[in-house]
Amino acid sequence: MHIDTSTEFGQRVMRRLREEHVIWLTTVGPDGAPQPRPVWFLWEEGSFLIYSQPDAHKVRHIRRNPHVALHFNSDTDGNDVVVFIGEARLDDSAPRADRHAAYLAKYAQGIADLGMTPQQMAEEYSAAIRVTPTHLRGF
């Protein structure tokens, strides 16, 4: 999927991918119902990297059905909508969270606010999820 940065929308999307700390990940539950949850993410090389507890519902959902959506919060008027549709998989090749410099730079304060060290974070959130977006929509 290509983000056209020559447009105002594409520039806004790229800014939000760089600056936002939370995105909503929606997986599909076993009953077919959407299951949204806020997650930390890192945008790298055209995909999202999300660390999770390995026994979390989202991990079980992705194992059963890789179809996911991600979206940012809109502004207070319901504008600045950015929605990605994509495929998720567990990524065993991703570095541990405490060995990923860009992830640590982005979330060092959040990890500390949880009362955790980067090492504790990496041990508890040891499942790396990689989401490759296939579609982008918004306004």
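This is a short walk through a predicted model, one selection at a time.

**Stop 1: the largest pocket**

Start by selecting Pro 38, Val 39, Trp 40, Tyr 51, Lys 58, Tyr 103, Leu 114, Met 121 and Tyr 125, the residues that line the largest pocket. The volume here is about 180 Å³. How does the lining divide into nonpolar, polar and charged residues? Eight are nonpolar, none is polar and one is charged. Keep Tyr 103 in mind, as this lining residue comes back at the next stop among the buried residues of helix 3.

**Stop 2: helix 3**

Now select residues 101-113, which make up helix 3. Its 13 residues reach 18 Å from the first C-alpha to the last, close to the 18 Å expected at 1.5 Å a residue. Follow the helix to Tyr 107, and you will find a bend of about 65° there.

Which residues of helix 3 are buried? They are Tyr 103, Lys 106, Tyr 107, Gly 110 and Ile 111, so Tyr 107 marks the bend and also belongs to the buried set. To see what covers these residues, add helix 1 (8-19), strand 3 (42-44), strand 4 (47-52) and helix 4 (118-124), which are included in the cover. After helix 3, pause at Gly 115, where phi is positive, near 75°.

**Stop 3: Ser 52 in strand 4**

One of the covering elements was strand 4, and Ser 52 has its place in that strand. Is Ser 52 buried or exposed? Its relative accessibility is 0%, and because buried means under 20%, Ser 52 counts as buried. Show its contacts next: setting aside residues up to four places away in sequence, Ser 52 touches Lys 58, Val 59, Glu 124, Tyr 125, Ser 126, Ala 127 and Ile 129. Two of these names, Lys 58 and Tyr 125, may be familiar from the pocket lining.

**Stop 4: two residues with positive phi**

Most residues other than glycine have a negative phi. With that in mind, select Glu 45, which is not a glycine and yet has a positive phi of about 50°. You will find Glu 45 in the loop between strand 3 and strand 4. At 84% relative accessibility, Glu 45 counts as exposed.

Then move to Asp 80, another residue other than glycine with a positive phi, in this case near 60°. The loop between strand 5 (67-71) and strand 6 holds Asp 80. Where Glu 45 is exposed, Asp 80 counts as buried, at 17% relative accessibility.

**Stop 5: Val 82 in strand 6**

From Asp 80, step along to Val 82, which lies in strand 6 (residues 82-90). Val 82 is buried, with a relative accessible area of 1%. What is it in contact with, leaving aside neighbours within four places in sequence? Select Phe 9, Val 13, Arg 16, Leu 70, His 71, Phe 72, Leu 136 and Arg 137 to see the contacts of Val 82. For a distance to try in your viewer, take Val 82 and Leu 25: they are 57 residues apart in sequence and 12 Å apart in space, C-alpha to C-alpha.

**Stop 6: Pro 30**

Next, pick Pro 30 in the loop between strand 1 (23-28) and strand 2 (34-39). Pro 30 is exposed, with a relative accessible area of 64%. Leaving out neighbours within four places in sequence, its contacts are His 61 and Arg 64. Now draw a line from the C-alpha of Pro 30 to that of Ala 94: the two residues are 64 apart along the chain, and the separation is 27 Å.

**Stop 7: Gln 119 in helix 4**

Finish at Gln 119, in helix 4, an element that also helps cover the buried residues of helix 3. Gln 119 counts as partly exposed, at 42% relative accessibility. Beyond residues up to four places away in sequence, Gln 119 touches Arg 96 and Asp 98. One last distance: the C-alpha atoms of Gln 119 and Ala 97 are separated by 8.0 Å, with their positions 22 residues apart along the chain.

Note on methods: Residues numbered from 1 in each chain as written. Predicted model: local features only at pLDDT ≥ 70, side-chain atom pairs only at ≥ 80, totals over all residues. Heavy atoms only, no water. 1 Å grid on protein atoms, 1.4 Å probe; cavity = no way out; pocket = protein on both sides within 12 Å on 5 of 7 lines; lining within 4 Å. Points joined across faces, edges and corners; volume = space filled by probe spheres on them. Nonpolar A, V, L, I, M, F, W, Y, C, P; charged D, E, K, R; others polar. Helix = DSSP H or I, 4+ residues; strand = E, 2+ residues; numbered from the N terminus. Expected span 1.5 Å × (residues − 1). Bend = angle between axes of the 7 residues up to and from the residue. Buried < 20%, exposed > 50% of the residue type's maximum accessible area, 1.4 Å probe, protein only. Contact = heavy atoms within 4.5 Å.
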